[in-house]
Amino acid sequence: MRRFVRSHATELALLAVIAAICVFLSFATDRFFTLGNAFDLLNTSSVNIIFAVGLLVVLIAGGIDISFAVAASVVQYLTATVLGWIGGGNWIVGFIIAGALGVALGCINAFLIHGFRIISIVATISTFNIFFGLLMFFTGGVSIYNLPDWLTTRVVLFEREMADGTWAEITLPVLIMAICVFATWALITRTTTGRQLYAFGDNPEGARRFGINIGAMQFIAFGWLGLMAGIAGLVQAHYAQEVVPNALYGRELDVLAAVVLGGARLGGGKGSVLGCILGVLLVSITQNGLNLMGVSPFAFKMIVGAIILAAITLSNTSIERLLPFLKSRRVHS
């Protein structure tokens, strides 16, 4: 039991914080603790969770990327344009195009970082501005509303009528998010590549001496984030039923904060999919609750920032401080 608690200290701490916030919000507003609101939270968090599991792989490998949200916007726009050229396509074609474009943009980052020995945050700050500048220059900031029917049609996976006549629904983005989460979990925990990513992030020089291909690790990590960004961009277009060039602009720091909150170490070599999801959900639940309470949107960043700071402090506290009885039992044993 003690070993389990130690190995999952961050996740347990986040669960405790989330539970405390949910209890408070359930008393503060009667609309928070409802099935409809829970499903809405899941639907609206899907894109950020897809982003987050992609970013997790990069952080595990010791890198950092802040260009993924803008890359998703570029992929979103290019995919919609290509779909118009080919006459509409379908979900499979859309995922192939979006995924390929996302991987290509991710590999540009990997090439700059590995080929020119540029620090990852510097490289991605550069590509962030390049990608967004090119997107706005060529599109003029004009949105695309004429999307294929298959992309704009809502797909409801589960629905239930509530007592007040409204419907609680789980939609397609949740299924796509679940597949991305499972794929990322399988990559980092069930493959040799995943173990190499952890080893490389924890000790790059040691990994190099051990024979791990450093270039391959960079391209796999940033390519995976590019793939997730491409998928997230397509899902966002489906959810919004339009393509707005700057719709995803600004999400990168929220997602990065949530993933670090979930236990991913900026120095690399540490992080879990569960912690990553809990980090995103903590931020989403807090924002949702503040909105239901009628708190001004201008206060969102301030309050969410305080929650993140408190949760990170709690998650970094040693398990003996969190659970004093463990220490006392060890002394008496």
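Helices, as named here, are DSSP runs of H or I with at least four residues, numbered from the N terminus. On that basis, arginine 117 sits in the loop that joins helix H5 (91-115) to helix H6 (120-139). The structure is a predicted model, and the mean pLDDT of its chain is 90. The chain contains 16 helices and 2 strands. Its radius of gyration is 21 Å, close to the 20 Å given by the globule rule for 333 residues, so the chain is as compact as a globular protein of that length.

**Confidence**
- A pLDDT of 70 or more is reached by 92% of the residues.
- Residues 325-331 have a pLDDT below 50, and this stretch makes 6 contacts in the model beyond near neighbours in sequence.

**Overall form and packing**
- The C-alpha trace spans about 75 × 65 × 35 Å along the principal axes of the chain.
- Buried residues make up 49% of the 333 in the chain.
- Among contacts with a separation of 6 or more, 76% are between residues 24 or more positions apart.

**Surface and charge**
- About 16,200 Å² of the chain is exposed, and 66% of this area comes from carbon and sulfur atoms.
- Positive side chains number 19 and negative side chains 15, with 19 Å between the centres of the two sets.

**Loop residues with positive phi**
- Most residues other than glycine have a negative phi.
- Arginine 117, in the loop between H5 and H6, has a positive phi near 55 degrees.
- Arginine 117 counts as exposed because its relative accessibility is 62%, and the cut-off for exposed is over 50%.
- Glutamine 241 also has a positive phi, near 60 degrees, and is located in the loop between helix H11 (214-240) and helix H12 (251-261).
- With a relative accessible area of 37%, glutamine 241 is partly exposed.

**Helix H12 and the glycine after it**
- The loop that holds glutamine 241 leads to helix H12 (251-261).
- The buried residues of H12 are Glu252, Val255, Leu256, Ala258, Val259 and Leu261.
- An α-helix has 3.6 residues a turn, so residues three or four places apart point the same way.
- Glycine 263 follows H12 and has a positive phi, near 110 degrees.

Definitions and conventions
Residues numbered from 1 in each chain as written. Predicted model: local features only at pLDDT ≥ 70, side-chain atom pairs only at ≥ 80, totals over all residues. Heavy atoms only, no water. pLDDT = per-residue confidence, 0-100. Contact = heavy atoms within 4.5 Å. Rg over C-alpha atoms; globule rule 2.2 N^0.38 Å. Buried < 20%, exposed > 50% of the residue type's maximum accessible area, 1.4 Å probe, protein only. Areas by Shrake-Rupley, 256 points an atom, 1.4 Å probe, with all protein chains shown as cover. Lys, Arg positive; Asp, Glu negative; His and termini not counted. Charge placed at Lys NZ, Arg CZ, Asp CG, Glu CD.
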